Structures are given as structure tokens and as C-alpha cells.
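Me: I am new to this structure and would like a close look at a single part of it. Please begin there and then work outwards to the rest.

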Amino acid sequence: MPEVVVSKKKKFSELTTFGIGGKIGAYVKIDDRKVLFKLLRLLKLYRVKYFILGRGSNLLAGDTFHDLFVIHINFNELFCFNNKIVCGAGVNLFRLNTFACENGLSGLEWSYGIPGSVGGAVYGNAGSFGGEMGKVVQYVYYTDGEHLYRKSGEELNFSYRKSYFSNKNYVILRVVLNLSSKEKEEIKMLCENNFEKKKALQPYEKRSAGSVFKRPLGTFAPILIEKCNLKGLIMGDAQISTKHCGFIVNLNGNAKFRDVYSLLKRTKRVVFREFKVKLEEEIVILK
């Protein structure tokens, strides 16, 4: 396809915040909707497995070869009207927050400091400090490669770290956010305060994929992990963070998939043995 440049040299370690992962069969960055449609149709026609990638901020990929066609969504349109922001799925949350602040629009401050994309935040209903993506989404435009669809926020079945898109093979294209007016200085202060809290409470200086486990009913995964004396546990070059034991960090940049995965599995086993609670992964795992 002349419209895109396909690479066969990319590795997931270059494309994820964890810095872990093996070589990819084929990789392409897409910033044109028509090209995306053509590509998806071709991949389906020839039954090629594909994977949609945003910022790679919640992904743990295996170190072996991945026979996948990875499509990196790079739709970065961004504009506002009234109290709404229209943004492409590839817009990162830092940029979105800066834009919202510049336009005096509030409702996203909780997400400042999360190193993800709008599409990924919608897919997994990202949240922090009591805020969630599902609370501000008005519409989402998405495709299966054949048709363009639109659903309202009410139709997207947002719940804790889940949405209509969870475990479905749709591609999110554009999101319309419904926000409220507020003084720019107040928005900026809220963003900066939230970011400082994140840096103080989370291992921001280490490579990770964010919070590893979802919140179990009636409790919090980090509390259970700490009560099991697993905080600081090291396997290979991966560690349960000493700063926030809901995170597994790539200690020195040399951690392998097996290091993180072994640590994750052991954590689940010990927590279940001690508290009969089954921890569920929040991150996406590609073995």
C-alpha cells in the first residue's frame, strides 16, 4: 500500500511504557481514516491477525516473535466548540489536558499524568482520583473496517475499567467529550496537584504499565499485596514497587516478560491463598 510505510523491524519493547516485548511481524502508524479502512479490509480478506495499539501504556508483551500486524492509531485531531472537545483516538492525555485548560474546560483533571491515549482511556474506562472517562464521554465514533458507527456514552456500558469495546475488535476513531467551564488557573492548579500526587505515590521514575490489578470488590489490590509481605519482591529484573505495590516495575530497563509475568502470577497465588481473593489483571497481556 503506497499510502503507508510498513515496518518489519519494530519491537514491542520500543512501543510500550514497560519497555518489554519481542519483534513484531509488521507495524504501521496510521493517521488517515480512509487508509485505515482499506488496511482493515485487506487484513480481514487475507485473514491476517492484527492488534490495535495506542500509547502502549498498559501492555505487557512477550519477548518472542509476535506474528501480528500492529496498527498504531495516530489520529490527533483536536478542537472544541461550546463545552465539548472533539479529539482523535491517538491524542495523548497530557496534550488533551493542556488543550482543555487553554480553553477553560474542566472534567479531565483526574487524567493529567496518565501516559495513555484517548482511545485507550475510553476502551478501558480509565480512571483516577474519583474521575472516569465514562463520565465525560458524549459520543464515540468507531469502525470494524467496513462501517462507521457512533454510540453515545450511555450506550457504551461503562463500568469499572470496562466499556462496550472491551474484548471487541473495533477501532476507536474519534471521541466527543462533554465538559464544563471553569477558570483556567483553577484547572491548571487541579492538573498540577493531581500530577504531583501521582509522582509522590506512584513509581513514576521507573518503567511500568501502570496499575497491574483491578480493584477487587470491597478492598484494594495494593493493600492485599502489602499484607502478604510482597512489597519489594524481585524476580529477575522486575519488582513489585516499594513505592506503590499495585505496580510492577522494570527495575533497570532489562526486565523480561518472564520476570514480570512470574511476579504477577506469584502475587495472584499468594493473595488468593491468604485472602481467597482472585486478582484480575488491569493490564493487557500478549504472550
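What covers the buried residues of α3?

Reply: The cover over the buried residues of α3 includes β5 (78-81), β6, β7 (105-106), α4, β12 and α5 (184-201). The model is a predicted one, in which local features need pLDDT of at least 70 and side-chain atom pairs count only at pLDDT 80 or more, while totals for chains, interfaces and linings use all residues. Residues are numbered from 1 along each chain as its sequence is written, and side-chain values use heavy atoms, with hydrogens and water left out.

The buried residues in α3 are L93, L96, N97, F99, A100 and C101. Buried stands for under 20% relative accessible area, exposed for over 50%, and partly exposed for the range in between, with a 1.4 Å probe and protein chains only. Helices (H or I, at least four residues) and strands (E, at least two) are DSSP runs, numbered from the N terminus. Cover is judged by contact, that is, heavy atoms within 4.5 Å.

Both ends of α3 have a feature to look at. At the N-terminal end, N92 acts as a cap, with a side-chain oxygen 3.0 Å from the backbone nitrogen of F94. Just after α3 comes G104, with a positive phi of about 65 degrees.

From α3 the view widens to the core. L96, together with I71, V122 and L177, touches the most other members of the largest nonpolar core, which has 47 residues. Such a core is a set of buried Ala, Val, Leu, Ile, Met, Phe, Trp, Tyr and Cys residues joined through side-chain atoms within 4.5 Å. At least two residues each come from β1 (24-30), α2 (33-45), β4 (66-73), β6 (84-88), α3 (93-102), α4 (118-123), β10 (137-143) and β12 (171-178). The most come from α2, which gives 6 residues. V122 is in contact with M133, V137, V140, F158, S163, F165, I172 and V175, leaving out residues up to four places away in sequence. A separate core of 27 residues has F18, I20, L230 and V270 among its members. In soluble globular proteins, nonpolar side chains tend to be buried together.

Strand β4, one of the contributors to the largest core, also holds H72. H72 counts as buried because its relative accessible area is 14%. Its side chain makes a polar contact with that of Y27, at 2.7 Å. A polar contact is a pair of N or O atoms within 3.5 Å; within protein, one must be able to donate a hydrogen and the other to accept it, and residues adjacent in sequence count only if both atoms are side-chain atoms. Beyond four places in sequence, H72 touches Y27, V28, K29, I30, L53 and G54.

Helix α5, part of the cover over α3, contains L201. L201 is in contact with K243 and H244, its neighbours within four places in sequence set aside. The backbone nitrogen of H244 is in turn reached by the side chain of S241, at 3.2 Å. S241 sits in the loop between β16 (238-240) and β17 (247-250) and is buried because its relative accessibility is 3%. Contacts of S241 more than four places away in sequence are P203, K231, G232, F247 and V249.

K231 leads on to the charged pairs. It forms a salt bridge with E226, the closest N and O atoms lying 3.6 Å apart. A salt bridge is a side-chain nitrogen of Lys or Arg within 4 Å of a carboxyl oxygen of Asp or Glu. K231 is partly exposed at 35% relative accessible area, and E226 is partly exposed at 41%. The whole structure has 11 salt bridges. One of them joins the side chains of E282 and R161, at 3.4 Å from N to O. These two residues are 121 residues apart: E282 is in the loop between α7 (257-275) and β18 (284-286), and R161 is in the loop between β11 (148-152) and β12. E282 is partly exposed at 24% relative accessibility, whereas R161 is buried at 16%. E132 joins R161 and E282 in a network of salt bridges.
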